Amino acid sequence: GFALGNANLIFRYLGFGVALLLIPYAILFVTKKDILTILIFAIPLVGFIAIMSLSNFQRSAYAWYENLSIGLGFISFFFLGVMLRKIKTAKPEIILLVIGVSVGLLCLISALITIFQYGPFYAAINSDKFYFYNGELFPVFSEARFLYGFTSQKVSLSYYGLYETLLASTLCALPFVSVKKNEKMFYVLLLIGAIGLLSILLVPYWQGLLYLIPALAFSLLFKFLRWSKPVKITVAVILGVFALSLFSFFILAFINASSATGLTDVIKNNALLNKLFNNESVMKPINTVLYSMTYVQNMFGFDLSNLNYAANSAISQKTGVVEIEILKEGGLLALFALLLVIGVAIYAAIKYVRHSQDQDHIKAIIISFLITFIVYETFFGYDCEPLVHETYYFQFIEQMPILIVILLLGYIILPNRGNNSEDVWTSDKKEEKEGASL
């Protein structure tokens with residue numbers, strides 16, 4: 001992450017090399033039942049990355065070896081996550097500690113540089129201040145400094161906040177660690193999470209605190225209610241309502257943006273729907289992208305070498321919603337594949353929390369990180385052009401945190417460690433049978 005997208009090429013190939021070395025271990029430790037479970041998640045993931053790599057956008061913007069590295073990186077990091085679960089000697093606490101310290105060091109240096117240049121609480125103090133750069137006007141309150149190689153670059157506050165917020169999500173694991181029984185772990189988690197939280201507060205970046213609420217809610221439910229029947233019903237209802245609402249929103253937004261005869265009039269004539277789907281500040285860039293998808297040539301992502309008028313106006317729009325940005329980069333098929341990956345990941349995460357033999361604070365760290373990442377990228381936190389003074393389109397699949405997410409997803413697919421892995425997809429059925437027999 002020290003050079004935004006450029007360093008990812010090295011990390012992907014490095015991950016591929018390590019994955020190759022672990023193949024003998026996979027032959028020894030992975031069972032046939034494990035393979036079936038892994039494939040259930042791997043197939044949607046491979047499908048997503050294949051569609052993205054072969055999209056018009058990807059082929060017109062990147063060389064073949066960069067496209068190859070993305071596919072190899074995703075598959076390799078997923079495989080590494082699976083093997084970390086299967087190898088008994090691999091300690092999840094050490095792995096998460098390495099990730100936390102690495103991200104923490106990146107965030108700490110970036111925060112210190114930012115506070116040194118702008119001063120503490122600059123986003124609130126300078127909320128009405130702007131400056132000129134190359135004839136353009138830039139607001140002070142919407143930018144920060146981020147480590148870039150051996151120097152730093154001005155980036156958008158949303159990009160800066162992504163790393164800080166993910167780091168702060170570590171604090172959600174503190175209720176599961178006893179100061180008396182595991183003092184070192186408690187203070188390590190506190191230190192790592194505090195770096196992220198203070199980096200948010202000293203700006204301040206209030207949206208970052210909002211993005212932490214879902215992870216905090218999970219932590220409290222997991223701590224005090226466990227997986228009781230009321231919690232089970234509550235989670236099912238919340239996920240169902242969320243999925244239905246999101247699906248309905250995208251359908252109505254697409255209908256509205258496509259200017260379909262009659263249907264758009266219904267939305268425009270309804271005060272609430274018109275305010276929701278046609279407001280200038282939030283929906284205008286989203287509508288611009290969705291309208292461009294009505295052109296057949298854009299259904300598989302934008303071809304940067306031959307942009308039509310609709311795509312040319314849409315490519316520069318910053319929607320903040322990763323699902324909409326995926327339409328630019330991979331088209332409709334890529335969006336459907338991504339939603340399928342998210343759905344399977346949510347199901348696997350629930351099974352991991354219920355059946356894994358990992359300690360509770362390990363579960364809390366992993367699930368809080370994944371929840372925060374999905375919420376941040378979905379609800380207007382994603383920035384495809386993070387550099388303030390340069391034009392650099394930064395794809396979703398190029399982000400450094402996505403490799404950590406893929407690693408963690410590979411880890412949680414098989415709930416139990418070593419050769420005694422229980423099938424995450426059939427364990428509920430076993431529980432029901434045992435309950436019935438009792």
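This is a short tour of the predicted model above, one selection at a time.

**Before you start**

Residues are numbered from 1 along each chain as its sequence is written, and side-chain values use heavy atoms, with hydrogens and water left out. Because the model is predicted, local features need pLDDT of at least 70 and side-chain atom pairs count only at pLDDT 80 or more, while totals for chains, interfaces and linings use all residues.

**The whole chain**

Show the cartoon: the chain has 20 helices and 4 strands. Helices (H or I, at least four residues) and strands (E, at least two) are DSSP runs, numbered from the N terminus. Now colour by accessibility. Of the 438 residues, 51% count as buried, where buried means under 20% relative accessible area, exposed over 50% and partly exposed in between, with a 1.4 Å probe and protein chains only. Contact here means heavy atoms within 4.5 Å. Among contacts between residues at least 6 apart in sequence, 75% join residues at least 24 apart.

**Stop 1: helix H6**

Select residues 92-118, which form helix H6 with its 27 residues. From first C-alpha to last, H6 reaches 38 Å, close to the 39 Å expected at 1.5 Å a residue; the expected span is 1.5 Å times one less than the number of residues. Just after H6, glycine 119 takes a positive phi of about 90 degrees.

Step on to phenylalanine 121, in the loop between H6 and helix H7 (122-125). Phenylalanine 121 has a positive phi of about 60 degrees although it is not a glycine. For background, most residues other than glycine have a negative phi, and most peptide bonds are trans. With a relative accessible area of 42%, phenylalanine 121 is partly exposed.

**Stop 2: H6 against H8**

Keep H6 and add helix H8 (residues 157-168). The axes of H6 and H8 come within 10 Å and cross at roughly 130 degrees. Axes are lines fitted to C-alpha atoms, for helices over the stretch in contact, and angles run from 0 to 180 degrees between N-to-C directions. That makes H6 oblique to H8; angles under 35 degrees count as roughly parallel, over 145 as roughly antiparallel, 65 to 115 as roughly perpendicular and the rest as oblique. The crossing of H6 and H8 is left-handed, a label used if the near helix is turned anticlockwise from the far one by less than a right angle, with clockwise being right-handed.

Show side chains for the contact: Gly100, Val103, Gly104, Leu106, Cys107, Ser110, Ala111 and Thr114 come from H6, while Tyr160, Tyr163, Glu164 and Leu167 come from H8. These residues divide into 7 nonpolar, 4 polar and 1 charged. In this scheme Ala, Val, Leu, Ile, Met, Phe, Trp, Tyr, Cys and Pro count as nonpolar, Asp, Glu, Lys and Arg as charged, and the others, Gly among them, as polar.

**Stop 3: inside H8**

Pick glycine 161 in H8. Is glycine 161 buried or exposed? At 0% relative accessibility, glycine 161 counts as buried. Leaving aside neighbours within four places in sequence, glycine 161 is in contact with Tyr205 and Tyr376. Try a distance label to isoleucine 200: the two C-alpha atoms, 39 residues apart along the chain, are separated by 6.9 Å.

Tyrosine 159 also lies in H8, and tyrosine 159 is buried, with a relative accessible area of 3%.

**Stop 4: helix H19 and its partners**

Select H19 (residues 400-413) together with H18 (residues 360-378). These helices pack at an angle of about 135 degrees, with their axes 11 Å apart, and are therefore oblique to each other. Ile366, Phe369, Leu370 and Phe373 in H18 meet a set of H19 residues including Pro401, Ile404, Leu408 and Ile412. By class, this contact has 12 nonpolar, no polar and no charged residues.

Now swap H18 for H6. The axes of H6 and H19 come within 13 Å and cross at roughly 170 degrees, so the two helices are roughly antiparallel. Pro92, Leu96, Ile99 and Val103 of H6 touch Ile404, Leu407, Leu408 and Tyr411 of H19. The residues of this contact divide into 8 nonpolar, no polar and no charged.

**Stop 5: two loops**

Go to the loop between helix H9 (183-201) and helix H10 (206-211), where proline 204 is found. A cis peptide bond joins valine 203 and proline 204, with omega about -10 degrees.

Finish at asparagine 134, between strand S1 (130-133) and strand S2 (136-139). Its phi is near 55 degrees, a positive value in a residue other than glycine, and at 69% relative accessibility asparagine 134 counts as exposed.
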